[in-house]
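Below is a short report on one protein model with a bound ligand. It goes from the domains to the helices, then to the ligand shell and a few single residues.

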Amino acid sequence: NTAYLNGEFLPLAEARVPVMDRGFLFGDGVYEVIPVYSRRPFRLAEHLRRLAASLAAIRLEVPLADAEWTHIIERIVAAAEFQDQSVYLQVTRGPMAVRNHAFPAVATPTVFVMTEPLVTPPAELREHGIAAVSAADNRWHRCDIKATSLLANCLLRQRAVDHGCAETVLFRDGFLIEGAASNIFAVKDGVLLAPIKNHLMLPGITYDVVLELAAQHGLPTQVRDVLEDEARNADELWMTSSTKEVLPIVMLDDRKVGAGGTPGPAFKQMYGWYQQFKASVMR
Ligand code: PLP
């Protein structure tokens, strides 16, 4: 499995980063996860745009041009043994001479790319849906940055696992925000409800795809603040992410979502549109 580290292609097992790297000591870095279907990156331009936004937010320059990122990704993807992949890309503020929270005068960013097999959720999860727990969102106020400092997200996702669930749905001050590692949509009376993008949630690439597909196929949509009560009483809840695509949440905190506690009709439509769209851009 080939990786890229600071200008070099090398086997992943041989990639090494100094312990004084700010990514290691502070989680001072940003990342992207890009799904690759049949060796074709999905929505690469959008992922690179979000990476640039994350880097700007943490005051790092974009270390490589889009054409260079694309070349690196293509090379790693071509070298992998598997067709469907999940490319992971990370930029940290690099090593420091002595441990100091403040930035080094001149940062030498660490740039890392690797690929892993993409395991899309088994059909069973789409057919029966997944269970989720809820939690108060205790993360910071810059969740729009795709930062590698993911301790809060890890604790929140583990909470789901501890309850035998697949995801934790986060509420803040009475509003639906997102999942521990996903965006969350609600459906009520045939209308798709999407929390409006702001500094409290990650602007998901899949979130955008879902909204585009809803618009294209005429699914009524409202992008606005969604109340916790609205989410809890929704007919359907979905989670979306690059690796999970779209999944129906049928239980939230041991309560059925909607009447049936089964995947709803809007989900089934959206899942179909999503697969169709994937196939059309991968051709
Ligand atoms: N929200 C959080 C906190 C995430 O970690 C992720 C990514 O996995 C998402 C949302 C979904 O974003 P994307 O659709 O770009 O994968």
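## Domains

The domain assignment splits the protein chain into domain 1 (2-117) and domain 2 (123-282). This is a predicted model. The C-alpha centres of the two domains are 26 Å apart. Domain 1 puts 23 residues into the contact, and domain 2 puts in 13 residues.

Take the side of domain 1 that touches domain 2. Strand 3, helix 2 and strand 5 each give two or more residues to that side. Strand 3 gives the most, with eight residues. By class, this side of domain 1 holds nine nonpolar, nine polar and five charged residues.

## Three helices

Helix lengths come first. The table sets out the spans of three helices.

| Helix | Number of residues | Expected span | End-to-end C-alpha distance |
|---|---|---|---|
| Helix 2 (residues 44-57) | 14 residues | 20 Å | 20 Å |
| Helix 3 | 14 residues | 20 Å | 20 Å |
| Helix 6 | 13 residues | 18 Å | 19 Å |

For helix 2, the expected figure rests on 1.5 Å a residue, and the distance between its end C-alpha atoms agrees with that figure. Helix 3 agrees too, on the 1.5 Å rule. The reach of helix 6 is close to its expected value.

Now the packing of helix 2. Its buried residues are L44, H47, L48, R50, L51 and S54. Why do the buried residues of helix 2 line one face? Seen down the axis of helix 2, they fall within an arc of 160°, so they line one face of the helix. The cover over these buried residues includes strand 3 (29-37), strand 4 (40-41), helix 3 (66-79), strand 5 (85-92) and helix 6. Just after helix 2 comes R59, with a positive phi of about 60°.

Helix 3 buries W69, I73, I76 and V77. Down the axis of helix 3, these buried residues fall within an arc of 100°, so they too line one face of the helix. A67, E68 and A78 are exposed, on the other side of helix 3. What do the buried residues of helix 3 pack against? Their partners are strand 1 (2-5), strand 3, strand 4, helix 2, strand 5 and strand 6 (110-117). Helix 2 is thus among the elements that the buried residues of helix 3 pack against, and helix 3 is among those that cover the buried residues of helix 2.

In helix 6, the buried residues are I205, T206, Y207, V209, V210 and A214. G218 follows helix 6 and has a positive phi, near 75°.

## Around the ligand

Which residues come nearest to the ligand? Of the 14 residues around the ligand, they are L202, G204, I205, T206 and S242. Two of these, I205 and T206, also count among the buried residues of helix 6. Helix 6 (205-217) and strand 13 (236-241) each supply at least two residues of the ligand shell. The largest share of the shell comes from helix 6, with three residues. By class, the shell has five nonpolar residues, eight polar and one charged.

## Two positive phi values

Most residues other than glycine have a negative phi. E245 and D253 are worth a look against that background. E245 has a positive phi near 60°. E245 sits in strand 14 (residues 245-252). Is E245 buried or exposed? E245 is buried, because 21 other C-beta atoms lie within 10 Å.

D253 has a positive phi near 50°. D253 belongs to the loop between strand 14 and strand 15 (255-256). With 13 other C-beta atoms within 10 Å, D253 is partly exposed.

## T168 and its contacts

T168 is part of strand 8 (residues 167-172). T168 counts as buried because it has 25 C-beta neighbours inside 10 Å. Leaving aside residues up to four places away in sequence, T168 touches A132, V133, S134, A135, L156, R157, R159, A160, G179 and A180. How far is T168 from A136 in sequence and in space? The two are 32 residues apart in sequence and 9.6 Å apart in space, C-alpha to C-alpha.

Technical notes: Residues numbered from 1 in each chain as written. Predicted model: local features only at pLDDT ≥ 70, side-chain atom pairs only at ≥ 80, totals over all residues. Near = placed C-beta within 6 Å. Helix = DSSP H or I, 4+ residues; strand = E, 2+ residues; numbered from the N terminus. Nonpolar A, V, L, I, M, F, W, Y, C, P; charged D, E, K, R; others polar. Expected span 1.5 Å × (residues − 1). Buried ≥ 20, exposed ≤ 12 C-beta atoms within 10 Å, placed from the backbone. Arc of directions from axis to C-beta. Contact = placed C-beta atoms within 7 Å. Domains from an automatic or database assignment.
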